[in-house]
Amino acid sequence: MFINFWYPVIRSAELGTTPQRVRILSHNFVVFRDAQGKPAVLSDTCVHRGGSLSGGKCKDDGTVQCPYHGWRFNRDGQCTRIPSLGINAKIPTRARVDAYPVEERYGLIWIWMLAAERADPAEIFTVDHWGDPAWGINRGDSMALECNYLFMTDNLLDPSHVAWV
């Protein structure tokens with residue numbers, strides 16, 4: 001179950017020319033950039049034989065190609081090419097994967113996981129002074145810690161022990 005919320009899925013800088021797999025709330029997604037460089041997010045499971053689209057390739061036509069049989073999907077989730085059917089084949093409209101509304105903001109790629117017609121990018125919180133050269137942005141790497149997040153929060157709130165750790 002999802003709440004009415006925009007979810008950040010990946011940092012913009014991490015999204016290059018290969019599709020990326022992300023897992024959010026027990027669901028797998030593939031994130032990629034289309035031919036215009038805009039981010040797209042689809043379900044990571046190909047409708048043909050269940051291949052993982054994130055294991056495939058981004059193609060010059062702005063699609064992501066499944067590594068199993070080469071089916072290609074555009075940013076709307078519609079299959080645009082089935083290699084085994086030939087170049088001029090009519091692709092069934094039901095050959096599609098779930099696509100999600102996407103917004104790129106504040107150095108992050110955000111998705112809306114509920115009904116697309118309810119997606120309002122204005123609901124993404126505002127980061128005051130983003131892009132203001134008088135303010136600095138920390139673009140450091142993330143850290144993966146094998147502990148409960150509350151321990152990390154406690155660590156950040158208690159700098160008195162820094163000299164000892």
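These legends accompany several close-up views of a predicted model.

**View 1. The four-stranded open sheet.**
Let us start with the sheet, whose four strands run in the order β2-β3-β4-β9 with antiparallel pairing. Its edge strands are β2 (20-24) and β9 (99-100), each of which pairs on one side only. Strand β3 covers residues 27-33 and joins β4 in the antiparallel sense over five bridges. Strand β4, residues 39-43, also pairs with β9, again antiparallel, over two bridges.

**View 2. Strand β4 and the residues opposite it.**
Here the focus moves to individual positions along β4. Val 41 is a handy landmark: Val 31 stands opposite Val 41 in β4, and Val 41 stands opposite Tyr 100 in β9. Next along, Leu 42 stands opposite Ala 99 in β9. Is β4 enclosed or open to its surroundings? Five of its five residues are buried, so the strand is largely enclosed by the rest of the structure.

**View 3. The β3-β4 hairpin and a salt bridge from its loop.**
Strands β3 and β4 form a hairpin with five residues between them. Within the turn, Gly 37 has a positive phi of about 85°. The loop between β3 and β4 also holds Asp 34, which forms a salt bridge with Arg 75; the closest N and O atoms are 2.8 Å apart. Arg 75 belongs to the loop between β7 and β8, so this pair ties together parts that are 41 residues apart in sequence. The two partners differ in accessibility: Asp 34 counts as buried at 11% relative accessibility, while Arg 75 is partly exposed with a relative accessible area of 29%.

**View 4. The salt bridge between Asp 61 and Arg 72.**
The side chains of Asp 61 and Arg 72 meet in a salt bridge, at 3.2 Å from N to O. This pair links distant parts of the chain, with Asp 61 in the loop between β5 (57-58) and β6 (64-65) and Arg 72 in strand β7, eleven residues apart. Which partner is buried, and which is partly exposed? Arg 72 is buried, its relative accessible area being 16%, whereas Asp 61 is partly exposed at 45%.

**View 5. The surroundings of Gln 78.**
Gln 78 sits in the loop between β7 (72-73) and β8 (79-81). With a relative accessible area of 17%, Gln 78 is buried. Leaving aside residues up to four places away in sequence, Gln 78 touches Arg 72 and Phe 73, together with Ile 91, Pro 92, Thr 93, Ala 95 and Arg 96. Ala 95 deserves a second look, as its backbone oxygen lies 3.2 Å from a polar atom of the side chain of Gln 78. Arg 72, another of these contacts, is also the salt-bridge partner of Asp 61.

**View 6. Glu 103 and Arg 105.**
Side chains of opposite charge can pair when their charged atoms come close. In this last view, Glu 103 forms a salt bridge with Arg 105, and the closest N and O atoms are 3.4 Å apart. Glu 103 counts as partly exposed, at 22% relative accessibility. How many salt bridges does a search of the whole structure find? It finds six, including the pair shown here.

Key. Residues numbered from 1 in each chain as written. Predicted model: local features only at pLDDT ≥ 70, side-chain atom pairs only at ≥ 80, totals over all residues. Heavy atoms only, no water. Buried < 20%, exposed > 50% of the residue type's maximum accessible area, 1.4 Å probe, protein only. Polar contact = N/O pair within 3.5 Å; in protein donor to acceptor, adjacent residues only side chain to side chain. Contact = heavy atoms within 4.5 Å. Pairing = 2+ DSSP bridges. Salt bridge = Lys/Arg side-chain N within 4 Å of Asp/Glu carboxyl O.
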